[in-house]
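Me: Hi! Could you walk me through a structure I have just opened? I'd like to hop from topic to topic.

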Amino acid sequence: MSQSATARAIESLLIHKVQSVPDDDFLGELKATANNLYKNEQYLEAVALYSRILASSPSFNQRTVSLTNRAQCWLRVKMLDKVLTDCDEVIQSYFVPLRSDPSDAWSKDLQKFFAKAVWRRAQAFSDLGNRSSALRCYLHFEKFVVDHQLDKSLEGELKLVRKQLATLSTPVPPTSSETMVSNWVNPVNLVLDEDILVTGKWTMYPPAAAGKPSGRTGMSMVAVHESEQTCQLWLFGGRTSLSGGRSLDETWTCKLDENSSKWIEHTTSKQKPLPRYSCTMVGYRLNVYLFGRCDNYSRQGDSLLWKMETKNGQWVPMENPKGKERIPALIEHGASICVERQSMLVYGGCDENQKLNGILLEFHFKTEKWSRYLPEDCDGPRPDARRGHLQWCLGRYLYVMYGQKKSANNEEILCDDFWRLNTQSLNSRPKWKRLNINFNSPVPRHGGHAVTLRGAAYVFGGVTFVDHNSKKEKDRQFLNDVGRYIPSKRGGSWSAVNVKGDKPSIRADCQLSTDGTNIIMMGGHCRTAGQPHVYSRLHQLVVTQPEDDMETEHLDDIVLAGTDPIPDYIIRMRTTSRKEATECNTCKIQFGFKLTMCGRRCGTYYCSRACQEKDWPQHVGRCLHRDNEIAMMD
């Protein structure tokens, strides 16, 4: 078709009689002409006609097809932000559970267009240099096509995608000097997926002039806030290599400073834990708690839980419960502090017989007693037993995500689920809720790590596989992406942190912590081309976000009290909020995000029930409803 003929065709279609809702025949002619324009490589002219269809209140089917086709035109002219916008609209419509028109059901043809939207989204990310997001989309495309039996109708596309997966899954080996190698580079500042742009900058602490911990993986690490100005990092154990390496029993401390990192090996304790790795460490007030089994546990029988009193620098073994209340000797588990319950929650991991753990454990700091919640005690569905998963606490909620579990054939496979537990249900029957996984969520993985900061959770690193059911070395993909999760009543939202600076190498089994302002990362390992690499450098991630990012209403139902782990006091947040009710009426600490109001709606806010109970004798006279019983928190 010549350009003059094309112009006449477009003109004849656009000079159509004026009508509020164009008929299907007219929209069909527009689509046929737009398709011909695309075949003749007149992409912008085709975009004009697809846009005309979308502006004419088309049916659900017509809208889906037009958005997918327009995204392909944008892809041809390298307008990648518009590709992502159109593809996201198609993808989001697929997850709408109810539609007013029953004829809008997703047929095989429309499922094919949904798959194409995912594919084009992956191509856009690939052109942007966003390797991690491209890999995630290609994996979703392959899984969707196979699950919905579309491999015959999309045979050509599936072959191309698998070719791209083979390319993207080839990791780049880091150098011996730990030069920063990234598998996630986003060279342009685009607000992808119509989400708030969250950026971060990685920096490396200067190498210590004298003694420092050797390179290690699977160690335990936590930051303890000794005062508002002083934060000290504690590190224990780990392994010096992946296979055949010895486990360590060293305790190191480091006072964090912007310009230096001075490590000191702690040797003054009269007794200390035996060598161990893949254990957990949390901080509560000025104490550090190390949980997990030592090497050769069945033979040596060391304590599972140790407490370090940081004031006097002494390790103290805690008693192991016996009999029916016996605590399994775990590694590769998750441990988080629940502020509301003043306890440590432990889930997952494997015992000395390599059996996966499905029991939820709770250690109460005040009583120094354990509680066990068996899988059969749960009310409703629950997460499978797993190891190497992501775990964190925000307010009264415990989150568990991904990891490895046993398949029906007793083979270990990646989990692709996300769960939330309301810890208030632990007073009766634990009740888990499965949350949705969407296209902004991190790719399934094991060996990653999560940390909470300013009411959000951040996820870094780990290992995934091109085929989630594969265990082959060639299918292994180490990661160094950063994902951010904001909680809500509906399940929360994920976004990728657009990171710059000295990005850490791809790795797994590293450790994250926080100084109350920034994220600290250290250690881990990577295996590329059969060669293992173990890391020792200390990294810092400074996360920046819009000022009103933490003001969203969906945080109202969650009592967020400081960071995890908890310092002796809850550090004053440096973020500000334009809303009221960010300061606790009792402890007068400014949290930087909205707290929970007194249940009587009297306009008084608290960070926790403990603060509300403490303030009740003074508050009862001011409360709008002067009851003799304390008003329950929402």
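What follows is a chat about this predicted model.

Me: Let's start broad. How many helices and strands does the chain have?
Reply: Ten helices and 30 strands. Of its 634 residues, 55% count as buried.

Me: And how much of the contact map comes from residues 24 or more positions apart?
Reply: They account for 59% of the contacts in the chain with a separation of 6 or more.

Me: Nice. What about the largest nonpolar core, which residues have the most contacts inside it?
Reply: Val83, Phe141 and Val145, in a core of 42 residues. Helices H2, H3, H4, H5, H6, H7 and H8 each supply at least two of its residues. The largest share, nine residues, comes from H6.

Me: What is Val83 in contact with, leaving aside its neighbours within four places in sequence?
Reply: Ala71, Trp74, Leu75, Arg120 and Ala124. As background, nonpolar side chains tend to be buried together in soluble globular proteins.

Me: Which residues does the second core include?
Reply: Among them are Phe291, Leu330, Val346 and Phe365. That core is separate and has 21 residues.

Me: Phe291 makes me think of rings. How many aromatic pairs turn up in the whole structure?
Reply: A search finds 21. Take Tyr38 and Tyr43: their ring centres are 5.4 Å apart and their planes are at 55°, so that pair is tilted.

Me: Are those two buried or partly exposed?
Reply: One of each. Tyr38 counts as partly exposed because its relative accessibility is 23%, while Tyr43, at 17%, counts as buried. The cut-off for buried is under 20%.
Reply: Another tilted pair is Tyr289 with Phe363, with centres 5.9 Å apart and planes at 55°.

Me: Where do Tyr289 and Phe363 sit in the chain?
Reply: Tyr289 is in strand E7 (residues 287–291) and Phe363 in strand E12 (residues 360–364). The pair links distant parts of the chain, 74 residues apart. Both rings belong to buried residues: Tyr289 has 2% relative accessibility and Phe363 has 1%.

Me: Which residues do ring pairs link into a cluster?
Reply: Tyr284, Tyr289, Phe291, Phe363, Phe365 and Trp370. Phe291 and Phe365 are also in the second core we just talked about.

Me: Now charges over rings. Which ring does Arg420 lie over, and what about Arg507?
Reply: Arg420 lies over the face of Tyr397, at 4.7 Å from the ring centre. The charged end of Arg507 sits over the ring of Tyr535, 4.1 Å from its centre.

Me: Switching to polar things: where does His333 lie?
Reply: In the loop between strand E9 (314–317) and strand E10 (334–338). His333 counts as buried because its relative accessibility is 7%.

Me: What does its side chain make a polar contact with?
Reply: The side chain of Thr280, at 2.9 Å. Not counting residues up to four places away in sequence, His333 also touches others, including Phe291, Val346, Tyr347 and His389. Phe291 and Val346 are again members of the second core.

Me: Okay, helix H10. Which residues are buried there?
Reply: Cys611, Gln612, Asp615, Trp616 and His619, in a helix spanning residues 609–619. Seen down the axis of H10, they fall within an arc of 155°, so they line one face of the helix.

Me: Which exposed residues are on the face turned away, and what covers the buried ones?
Reply: Lys614 and Pro617 are the exposed residues on the face turned away from the buried side. The cover over the buried residues includes strand E30 (605–606).

Me: Last topic, backbone. What is phi for Glu41 and for Gln354?
Reply: Glu41 has a positive phi of about 60° although it is not a glycine. Gln354, also not a glycine, has a positive phi near 65°. In general, most residues other than glycine have a negative phi.

Me: Where are they, and are they exposed or partly exposed?
Reply: Glu41 lies in the loop between H2 and H3 and counts as exposed because its relative accessibility is 59%. Gln354 is in the loop between strand E11 (343–347) and E12, and it is partly exposed at 48% relative accessible area.

Terms used
Residues numbered from 1 in each chain as written. Predicted model: local features only at pLDDT ≥ 70, side-chain atom pairs only at ≥ 80, totals over all residues. Heavy atoms only, no water. Helix = DSSP H or I, 4+ residues; strand = E, 2+ residues; numbered from the N terminus. Buried < 20%, exposed > 50% of the residue type's maximum accessible area, 1.4 Å probe, protein only. Polar contact = N/O pair within 3.5 Å; in protein donor to acceptor, adjacent residues only side chain to side chain. Contact = heavy atoms within 4.5 Å. Arc of directions from axis to C-beta. Phe/Tyr/Trp six-rings, centres within 6.5 Å; stacked < 30°, edge-to-face > 60°. Lys NZ or Arg CZ within 6 Å of the ring centre and 35° of its normal. Core = buried A, V, L, I, M, F, W, Y, C linked by side-chain atoms within 4.5 Å.
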